[in-house]
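Reader: Please take me through this model one question at a time. I would like to start with the ligand.

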Amino acid sequence: MALFKRKNKKNAKENAVEEQLLQEIKEPMQVENSEADAQTSIAEALVDEELRKKSKTGLFDKFKQGLSKTRSSLSGRINELIQSSKKLDEDFWEELEEILIQADVGVNTSLELVEKVKQTARKRKISDSSEVMSIIADEVREMLNDGGAELKLQAHTPSIIMVVGVNGAGKTTSIAKLAYMFKNEQQRVILAAADTFRAAAIDQLQIWADRVGVELIKHQEGADPGAVVFDAISAAKARKADVLIIDTAGRLQNKTNLMKEISKIRKIIEREIPAGPQEVLLVLDATTGQNAISQARIFEEATGVTGIVLTKLDGTAKGGIILAIASELKIPVKFVGVGEGMDDMKAFDPEVFAQALFEE
Ligand SMILES: Nc1nc2c(ncn2[C@@H]2O[C@H](COP(=O)(O)OP(=O)(O)OP(=O)(O)O)[C@@H](O)[C@H]2O)c(=O)[nH]1
Ligand SMILES: [Mg+2]
């Protein structure tokens, strides 16, 4: 899926695959010259559809694998409940609620979800528990629907993405994964090490920048993060970069400090690139469960968040938190992290995600 709507450059491998598919589809057509153009555009549409299906399958496999622990804590346990209780009575609904709460869906969201499933089951006059799973999957898909990967980026001047979040949430790793995605789409990326709190943070980002093959703008440990951002913006303009991604410090003890540091960075961005930052991505660690919700509220108030990156879904049974995020916060989930590697972050697709969570 292209991160940029405005540009849809493909890499050499994708171009080769596309060319081959185009040939395979066109060959049996044996068309007259006069019809060739029309046939070509049909063939191209078929190729697009084929590529879309392929990338969805890849995404599905990645999500399914990454969600294995959440799958057993959520759909696995719901399945057990369905097996053991044939009837949809009060006990059934109570136990369903319990399972959802234990999978970190959150009390309010669990109550809301059970109520919706109950209503739908009644409306469709379903009394047998075996049909409930697909209703749950549908309601979950509906709940997640506000999420989506499209980033609001702009043409011509560098788009700025600020990445914020508490200590250890996965900011630096997610920045590397984002840079890797952009690079695969032939975008010119620059990173800024505005987490100057400790030398190790700068070194860590440097290692990732080298691995991905993108430039990093950095200063010494303890330097003013605003100065790093200023230099990074100048570099991004000079190199005609498409995207500048800014790493920020997570070790902020209280809301006042957080606001001060982040608003200082924002001011510099706004002065240099008036429309920026185009995105403020909040990184939340799925393993922290319900804590993620309170963190999001604090960051939302301090900085105005435009999207969430939910990390470490692979290591946790608490993946149900994504439902609480979707229903209790009005911030779309844009990416999910399912591992520590460069390729282990994917644009969030509610449809595929719900399917990966519930399909047997
Ligand atoms: N399993 C797994 N581990 C992850 C994921 N994302 C990040 N991590 C790991 O989480 C740890 C912390 O990640 P960082 O990227 O350093 O987190 P940070 O928010 O930059 O941390 P600070 O700079 O200390 O504030 C690292 O060991 C990462 O490899 C993920 O999606 N899955
Ligand atoms: Mg970091």
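**Ligand and helix contacts**

Reader: How far is a backbone N or O atom of lysine 171 from an oxygen atom of ligand 1?

Author: Happy to help! This model is predicted, with pLDDT of at least 70 needed for local features and 80 or more for side-chain atom pairs, totals using all residues, and side-chain values taken from heavy atoms without hydrogens or water. Residues count from 1 along each chain, while chains are lettered from A and ligands numbered from 1 as written. For the backbone N or O atom of lysine 171 and the ligand 1 oxygen, a polar contact (N or O atoms within 3.5 Å), the distance is 2.8 Å.

Reader: Which glycine has a polar backbone atom 2.9 Å from an oxygen atom of ligand 1?

Author: A polar backbone atom of glycine 339 lies 3.3 Å from a ligand 1 oxygen. The 2.9 Å distance to an oxygen of ligand 1 belongs to glycine 170.

Reader: How much of the accessible area of ligand 1 does the protein cover?

Author: On its own, ligand 1 has 660 Å² of accessible area (Shrake-Rupley, 1.4 Å probe). The share covered by the protein is 82%.

Reader: Which helix gives the most residues to the shell around ligand 1?

Author: There are 21 residues around ligand 1 (a heavy atom within 4 Å), and among those that come nearest are Asn167, Asp314 and Glu340. With 4 residues, the top helix (a DSSP run of at least four residues) spans residues 171-184 and is H7.

Reader: Is serine 75 buried or exposed?

Author: Serine 75 belongs to helix H3, residues 68-84. Its side chain reaches the backbone oxygen of leucine 357 at 2.8 Å. Because the relative accessibility of serine 75 is 5% (the cut-off is under 20%), serine 75 is buried.

Key:
Polar contact = N/O pair within 3.5 Å; in protein donor to acceptor, adjacent residues only side chain to side chain. Helix = DSSP H or I, 4+ residues; strand = E, 2+ residues; numbered from the N terminus. Buried < 20%, exposed > 50% of the residue type's maximum accessible area, 1.4 Å probe, protein only.
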